[in-house]
Amino acid sequence: MKRRDFVKSGLVATSGIVFIDSFLGCVNPNLQDGSVNQFYEGFQDPPAEARLFVRWWWNGNRLAESEILRELDLMKEAGIGGVEINPIAFPGGSDPVGYEALTIFEDRWLDMLQVALEGAKERGIICDMIVGSGWPFGGEFLKKEDQTQMVTIETIDLEGGESHKFNIEELLQRVDPEIHSRNETVYRDLQMVRLVPKSCDEFTEGEDLMDLVAGGELAIDVPEGQWVLYYVVKLTGYMAVINGSPGAAGPVLNHYSRSATEGYLDRISDYITGKVGNMGDHIRAMFCDSMELEGANWNDDLPQEFESRRGYSLVPYLPFVLKKVGHMGNPLEGEYGTQFSMELTEQIKRVELDFYNTRIELFKERFIDTFNAWCHRNNVQSRMQAYGRGMHPLEASMEIDIPDSETWLFKDVGREYPNTGLIGRAPRMCNKYVASAAALSGKKLVACEEITNTSMAFMATLENIKVAGDQSNISGVNHSILHGFNYSPPEAHFPGWVRYGTFFNERNTWWPYFRKWSDYKARISYLLQNATPRANVAILQPLTDLWLKMGPQRDPFPGKWYPEYQNNLWEAIHQNGGGCDYVSKKIINKAKFKKGQLIYNQRAYDTLLLPEIETLDLETAQSIAAFAESGGQVVFIGKRPFKSAVYKDMLENDARVKRVIDGIFASAEKNVVEVPAPEGNLLKWYSELQDQLGIEPYARLEKTHPYLSQSSYLLDGNSLFFMANTSLSEDILVHAEFDVNARQTPWIWNPETGERLRYPTGENNNILKLNLPRATSVIIVFENNTEGAEFKPLEFTGNGKSINGPWELQLEHMNGDQQQMTLETLADLSTIEETRHFAGTVYYKKILAIDDSAHRQLDLGDVQGITELSINGKLLGTRWYGAQVYDLEGALKEGENELTIKLTTITGNYMKGLKDNPVAQRWTWGQSYYPIGILGPVLMV
């Protein structure tokens with residue numbers, strides 16, 4: 001289609017959404033459609049389950065009935081629909097101001113739990129509850145056999161021809177991994193000692209020296225040559241619960257033990273049901289937080305389970321598949337131990353992969369399945385962040401009732417968006433796995449620990465938060481649990497008890513405006529929870545190759561990925577107007593193939609992408625061949641698979657996999673292709689691939705942009721598009737052809753106001769121009785309705801008369817101080833000495849002499865804060881994100897007009913100035929001052 005010149009004048013909605021006329025194009029007449037009227041009432045006033053939830057940190061369990069109820073009232077007023085009760089350690093440096101720490105599950109604590117559960121129910125607030133306290137859960141009461149276990153190694157290079165004597169206790173103490181959350185008592189047990197040549201071209205398990213251990217010592221005579229002493233140590237109870245509250249701190253649970261898991265969970269449900277009765281009457285879901293297990297990899301029966309599942313013994317290979325362990329369970333880098341030939345190294349890596357897959361299976365069976373069953377016995381749902389080392393990032397979430405993910409807020413979000421990597425992305429790489437798992441397993445909710453913020457907790461603006469939340473929705477999230485709301489009584493010294501998270505608190509300067517964002521998010525969530533995400537592309541991530549090449553990663557913060565664009569391919573598909581899901585080998589193997597589609601449950605895909613995959617198991621290779629034979633499009637990116645994943649019968653299985661893949665190319669038509677891997681611009685690469693292979697997007701964009709993305713849904717058969725510009729500085733003009741029913745009309749559903757307005761079009765309803773200013777999103781629903789209130793956007797050219805200084809400023813500090821000043825030129829107040837540490841409200845005032853009252857708009861330009869505009873005492877509106885443009889229709893008079901702009905700042909700069917406040921300094925240390933104020937230019941149009 002020939003591109004038409006974009007009209008430079010846009011149309012601005014009150015929500016900051018800008019639209020321009022439609023143009024001609026093709027449609028899909030086969031889409032089924034129905035009425036969306038049934039969803040409009042819920043969109044206007046979303047129910048509690050669609051509203052924001054918060055992680056409600058019960059800091060140190062310093063609880064009082066009156067404060068619990070006060071905070072519930074506060075959250076209800078703010079539009080919060082649910083809480084996750086989360087007992088946690090008291091934040092360091094905070095003053096408890098006389099509140100006593102209660103012990104979790106003791107009688108007085110249970111009394112407070114009952115107050116919270118009943119108080120929430122009375123207010124229509126939904127309750128979830130974390131299992132135990134902190135993460136991963138555990139407790140001081142755990143017996144040794146129920147505590148987390150790790151087997152790891154130490155190596156010592158030895159010169160041959162000499163005798164050596166070692167003290168066993170000293171050897172054990174040398175095994176001391178850099179654990180982030182150390183437990184006080186660690187049990188060390190020597191499992192294995194072997195002497196192995198320093199260099200090996202043929203595999204040898206080495207000489208077993210355990211029989212030489214006597215009297216607490218190991219004495220050996222080492223033959224001539226270069227040797228390595230390997231010894232394997234089992235650490236039990238090495239890790240403590242991270243930030244566990246009183247009564248649930250101490251050692252972490254052994255998640256690979258079904259009996260330990262059952263005992264721990266039953267203990268909790270016995271306490272709760274003993275107090276409040278049926279858990280399901282008060283609690284929606286029990287939550288399992290981050291699986292940061294710091295290297296846990298063992299249960300005493302694991303060798304037997306390995307042999308039963310893999311068909312050979314792990315024991316000969318155990319020292320060589322283990323790693324020395326560093327921070328957060330990451331393997332230590334560097335060379336140590338025996339130097340194996342390349343061929344032997346490949347074989348050992350496959351044993352290591354078998355070891356990892358065995359652990360994935362055991363974790364699923366013994367922890368995830370046990371957790372699910374316990375939840376259901378107690379009439380609650382399971383909610384879990386089912387990813388991290390030891391879990392399959394896709395398949396583990398499929399078992400969970402409400403799978404959970406993570407979206408973080410960093411300063412680079414909205415400001416940077418490099419071609420690949422994780423910089424500038426608020427959603428963590430786990431989100432797409434979790435959203436895909438929910439879609440594949442038919443789950444309605446995709447939950448998310450959202451706006452997790454440890455680097456700019458008091459510097460975050462509502463605009464920053466909105467941008468991160470919009471990115472989260474694009475990644476597939478539709479159920480946000482904010483991170484978080486701190487239990488903190490009013491008498492706690494400013495800023496209160498702060499455990500973590502963005503400062504969602506009534507003491508925050510912008511808290512009076514929080515409801516605007518919470519309503520916005522609730523309306524989006526309501527629609528997305530009731531809609532079905534569209535996807536015609538499936539991606540099989542090269543997880544096996546990643547694990548073989550670089551080892552399992554610490555998701556959601558992997559240190560390495562393969563290939564470079566591994567976590568960005570899905571983004572490019574959505575940025576090009578398409579939709580995709582991740583799939584796994586197991587999904588492909590269980591799928592049906594019919595008329596060119598890969599069908600799993602209710603999901604169906606026309607195209608399967610395999611990014612630089614080298615390794616496939618035989619069954620998956622055969623399944624892909626069957627998909628291709630049915631007419632499905634298979635795209636091998638950069639490489640063709642040529643080997644199997646297993647160690648047993650390795651060469652035979654490698655050859656069989658290669659034969660199957662070669663056979664696919666030999667027998668297939670144009671539906672099987674191998675394309676070069678992307679180099680440089682991934683967004684452009686996929687755009688060209690999409691056109692080359694005829695992959696049909698749901699919104700064909702004339703021009704893509706890194707900050708522009710979309711997700712397409714079906715709402716009772718009607719096409720729904722959520723589109724977002726997540727740049728904090730750039731406006732984007734979108735020219736899109738939507739794959740919708742030609743008979744339907746586009747309607748703008750405004751998530752800020754709850755309005756639903758018909759967009760006026762010509763004879764073609766499916767092609768629109770949308771001008772999305774910075775930090776702005778839009779919901780478009782194509783409906784059968786043709787009658788109703790018409791959307792009347794405001795025309796805006798972006799040019800106008802500049803309003804210059806002087807400006808009179810009245811500053812009302814949150815600490816009660818007031819000051820006045822005059823600015824000849826608008827500036828960032830954080831760069832002015834007198835206002836560097838200001839937090840509160842600034843009133844910008846100016847008298848305007850108007851000789852033409854027909855001015856239509858006021859554009860405030862670059863604004864760092866939330867504004868309210870009043871002219872001649874009349875409030876014209878509020879802008880808390882995006883283009884700070886106000887409609888002036890009917891507001892001005894000829895002659896003098898009093899212009900007042902009320903600006904609300906962040907809290908963080910003030911915190912930086914509180915040098916004697918340890919909490920303030922802890923949370924702002926090392927951070928730069930954040931810009932505040934109206935920077936302009938201010939234009940009147």
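**Exercise 1. Work out where Gly578 sits in this predicted model and whether it is buried or exposed.**

Step 1: start with accessibility. Gly578 has a relative accessible area of 4%. The cut-off for buried is under 20%, so Gly578 counts as buried.

Step 2: place it in the chain. Gly578 belongs to the loop between H14 and strand S22 (580-583).

Step 3: list its partners. Setting aside neighbours within four places in sequence, Gly578 is in contact with Ile573, Pro697, Tyr698 and Gln710.

Step 4: check the sequence gap. Leu701 is 123 residues from Gly578 in sequence, yet their C-alpha atoms are 9.8 Å apart in space.

**Exercise 2. Helix H14 also turns up in a cavity lining. Describe the largest cavity.**

Step 1: count and size. There are three cavities of 30 Å³ or more, and the largest cavity holds about 210 Å³ of space.

Step 2: find the residues. The lining of the largest cavity has 21 residues, with Tyr417, Arg425, Pro427, Trp570 and Glu571 nearest its centre.

Step 3: assign them to elements. Helix H10 (430-440), helix H11 (462-474), helix H14 (569-575) and strand S30 (708-715) each give two or more residues to this lining. The top contributor is H14, with three residues.

Step 4: sort by class. You get ten nonpolar, seven polar and four charged residues in the lining of the largest cavity.

**Exercise 3. Do the same for the second largest cavity.**

Step 1: its volume is about 100 Å³.

Step 2: 16 residues line the second largest cavity, and the closest to its centre are Leu543, Leu546, Trp547, Gln553 and Asp555.

Step 3: H13 gives this lining the most, namely three residues.

Step 4: by class, the lining of the second largest cavity splits into ten nonpolar, four polar and two charged residues.

**Exercise 4. Which elements line the second largest pocket, and which gives the most?**

Step 1: the second largest pocket has a volume of about 1000 Å³. Its lining runs to 43 residues, and Asn357, Glu361, Glu395, Lys585 and Lys586 are the closest to its centre.

Step 2: go through the elements. Those giving two or more residues are helix H6 (302-310), helix H8 (342-377), helix H9 (395-398), helix H13 (543-550) and helix H15 (585-590).

Step 3: pick the winner. That's H8, which supplies nine residues to the lining of the second largest pocket.

Step 4: look at chemistry. The lining of this pocket has 20 nonpolar, eight polar and 15 charged residues.

**Exercise 5. Classify two aromatic pairs, Tyr312 with Tyr317 and Phe485 with Trp511.**

Step 1: know what to read off. Two values describe a pair of aromatic rings: the distance of the centres and the angle of the planes. The model has 49 aromatic pairs to choose from.

Step 2: Tyr312 and Tyr317 are 6.1 Å centre to centre with 90° between the planes, which makes the pair edge-to-face. Tyr312 is buried at 11% relative accessibility, and Tyr317 is buried at 12%.

Step 3: Phe485 and Trp511 are 6.3 Å centre to centre with 55° between the planes, a tilted pair. Phe485 is in strand S19 (residues 479-486) and Trp511 in the loop between S19 and helix H12 (514-529), so this pair ties together parts 26 residues apart in sequence.

Step 4: check burial again. Phe485 is buried at 1% relative accessible area, and Trp511 is buried at 10%.

Step 5: now for a cluster. Ring pairs link Phe137, Phe141, Tyr256, Tyr264, Phe363, Phe367, Phe371 and Trp374.

**Exercise 6. Find charges that sit over rings, starting from Arg640 and Arg836.**

Step 1: the charged end of Arg640 is over the ring of Phe665, 3.5 Å from the ring's centre.

Step 2: Arg836 lies over the face of Tyr929, 5.6 Å from the ring centre.

**Exercise 7. Trace the packing around helix H1 and strand residue Thr452.**

Step 1: in helix H1 (residues 37-44), the buried residues are Phe39, Tyr40, Gly42 and Phe43.

Step 2: these buried residues of H1 pack against H12, S30, strand S33 (745-749) and strand S34 (756-758).

Step 3: move to Thr452, found in strand S18 (residues 447-452). Thr452 counts as buried, at 1% relative accessibility.

Step 4: not counting residues up to four places away in sequence, Thr452 touches Thr407, Trp408, Leu409 and His483.

Key
Residues are numbered from 1 along each chain as its sequence is written. This is a predicted model: local features need pLDDT of at least 70, side-chain atom pairs count only at pLDDT 80 or more; totals for chains, interfaces and linings use all residues. Side-chain values use heavy atoms; hydrogens and water are left out. On a 1 Å grid over the protein atoms alone, a cavity is a set of points where a 1.4 Å probe fits but cannot get out, and a pocket is an open set with protein on both sides within 12 Å along at least five of seven lines; lining residues have an atom within 4 Å of a point. Grid points are joined across faces, edges and corners, and a volume is the space filled by probe spheres set on the points. Helices (H or I, at least four residues) and strands (E, at least two) are DSSP runs, numbered from the N terminus. Ala, Val, Leu, Ile, Met, Phe, Trp, Tyr, Cys and Pro count as nonpolar, Asp, Glu, Lys and Arg as charged, and the others, Gly among them, as polar. Buried means under 20% relative accessible area, exposed over 50%, partly exposed in between (1.4 Å probe, protein chains only). Contact means heavy atoms within 4.5 Å. Rings of Phe, Tyr and Trp (its six-membered ring) pair if their centres lie within 6.5 Å; planes under 30 degrees apart count as stacked, over 60 as edge-to-face and the rest as tilted. A charge sits over a ring if NZ of Lys or CZ of Arg is within 6 Å of the ring centre and within 35 degrees of the ring normal.
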